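I opened this model to look up its charged pairs, its packing and one of its sheets. My notes follow in the order I made them.

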Amino acid sequence: MTTIRRFSCNDLLRFTSVNLDHLTETFNMSFYMTYLARWPDYFHVAEAPGNRVMGYIMGKVEGQGESWHGQQLAKKLMNLLEDVSDKIDKAYFVDLFVRASNTPAIKMYEKLGYIIYRRVLRYYSGEEDGLDMRKALSRDVEKKSVIPLKRPITPDELEYD
């Protein structure tokens, strides 16, 4: 049976095997530590029997005003992220980034209610485009946060908090 629990510092030494596929972007340790320290409610791990890490999800809240939102494996993990963003942080939307070539993931996220909000040119290592996919939460009654942009953007145009 799979167990989903909060990510801990010890997991930083155990989760690298999940990042070995070519579709997953791997960051330096300080990146993961920052997310764990600042947004622990948004960082969870899925474990198989025997404590083998099967996947993880990490996110954060950012933005201001109506741009206040929670970011970016499986349906349970996404639901958990959406619930934290919606009920605890009262975010307007959840977004995630996925490689433009990762068709299976894009289709899965679309089934979960996400739309392609915008294309980010050369988002992954300056080579491959990324898609910013969003799902409006209950605070965004008019669904303004998911009106797709008409043009692609570059990574330096992304707004971060």
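I began with a pair inside one helix. The side chains of Lys-87 and Asp-83 form a salt bridge, 3.4 Å from N to O. Both residues sit in helix α2, four residues apart, about one turn of the helix. The model is predicted, so I applied the stated confidence limit: side-chain atom pairs count only at pLDDT 80 or more.

Are these two residues buried or exposed? I looked up Lys-87 and found 53% relative accessibility, so it counts as exposed. Asp-83 has 39% and therefore counts as partly exposed.

Next I stayed in helix α2 and asked which residue forms a salt bridge with Glu-82. The partner is Lys-135, with the closest N and O atoms 3.1 Å apart. This pair links distant parts of the chain: Glu-82 lies in helix α2 (residues 75-88), Lys-135 in strand β8 (residues 128-136), and 53 residues separate them. I noted that Glu-82 and Lys-135 are both buried. I also listed the side-chain pair as a polar contact at 3.1 Å.

I then checked what else surrounds Lys-135. Leaving aside neighbours within four places in sequence, Lys-135 is in contact with Glu-82, Phe-93, Val-94, Leu-112, Gly-113, Tyr-114 and Val-146.

Strand β8 came up again in another pair. Glu-128 and Arg-99 meet through their side chains in a salt bridge, 3.0 Å from N to O. Here too distant parts of the chain are linked, with Glu-128 in strand β8 and Arg-99 in strand β6 (residues 93-99), 29 residues apart. Arg-99 has a relative accessible area of 11%, so I entered it as buried.

How many salt bridges are there by this rule? I recorded 12. I also found a network of salt bridges that links Arg-5, Asp-11, Arg-14 and Glu-47.

I turned to the nonpolar packing. The largest nonpolar core has 32 residues, and those touching the most other members are Phe-7, Phe-43, Tyr-56, Val-98, Tyr-109, Tyr-114 and Met-133. At least two residues of this core come from each of α1 (29-38), β3 (52-57), α2, β6, α3 (103-111) and β8. Which element gives the most to this core? My entry reads α2, with four residues.

I picked Phe-43 for a closer look. Not counting residues up to four places away in sequence, Phe-43 touches Arg-6, Phe-7, Tyr-32, Tyr-35, Leu-36, Tyr-56, Ile-57 and Met-58. Another core of five residues lies apart from the largest one, and among its members are Phe-97, Tyr-124, Ile-153 and Leu-158.

My last topic was a sheet. Three strands form an open sheet in the order β1-β2-β3, with antiparallel pairing. β1 (3-6) and β3 are at the edges with a single partner strand each, so one side of each has no neighbour in the sheet. Neighbouring strands here are turned against each other by 30 degrees on average, direction ignored.

I looked at one pairing in detail. Strand β2 (residues 44-48) and β3 run antiparallel and are joined by five bridges. For Ala-46, I noted Gly-55 in β3 as the bridge partner.

Helix α2 returned in my final entry. It lies across β1, β2 and β3 and runs at about 40 degrees to β3.

Note on methods:
Residues are numbered from 1 along each chain as its sequence is written. This is a predicted model: local features need pLDDT of at least 70, side-chain atom pairs count only at pLDDT 80 or more; totals for chains, interfaces and linings use all residues. Side-chain values use heavy atoms; hydrogens and water are left out. A salt bridge is a side-chain nitrogen of Lys or Arg within 4 Å of a carboxyl oxygen of Asp or Glu. Buried means under 20% relative accessible area, exposed over 50%, partly exposed in between (1.4 Å probe, protein chains only). A polar contact is a pair of N or O atoms within 3.5 Å; within protein, one must be able to donate a hydrogen and the other to accept it, and residues adjacent in sequence count only if both atoms are side-chain atoms. Contact means heavy atoms within 4.5 Å. A nonpolar core is a set of buried Ala, Val, Leu, Ile, Met, Phe, Trp, Tyr and Cys residues joined through side-chain atoms within 4.5 Å. Two strands pair if DSSP finds at least two bridges between them. Axes are lines fitted to C-alpha atoms, for helices over the stretch in contact, and angles run from 0 to 180 degrees between N-to-C directions.
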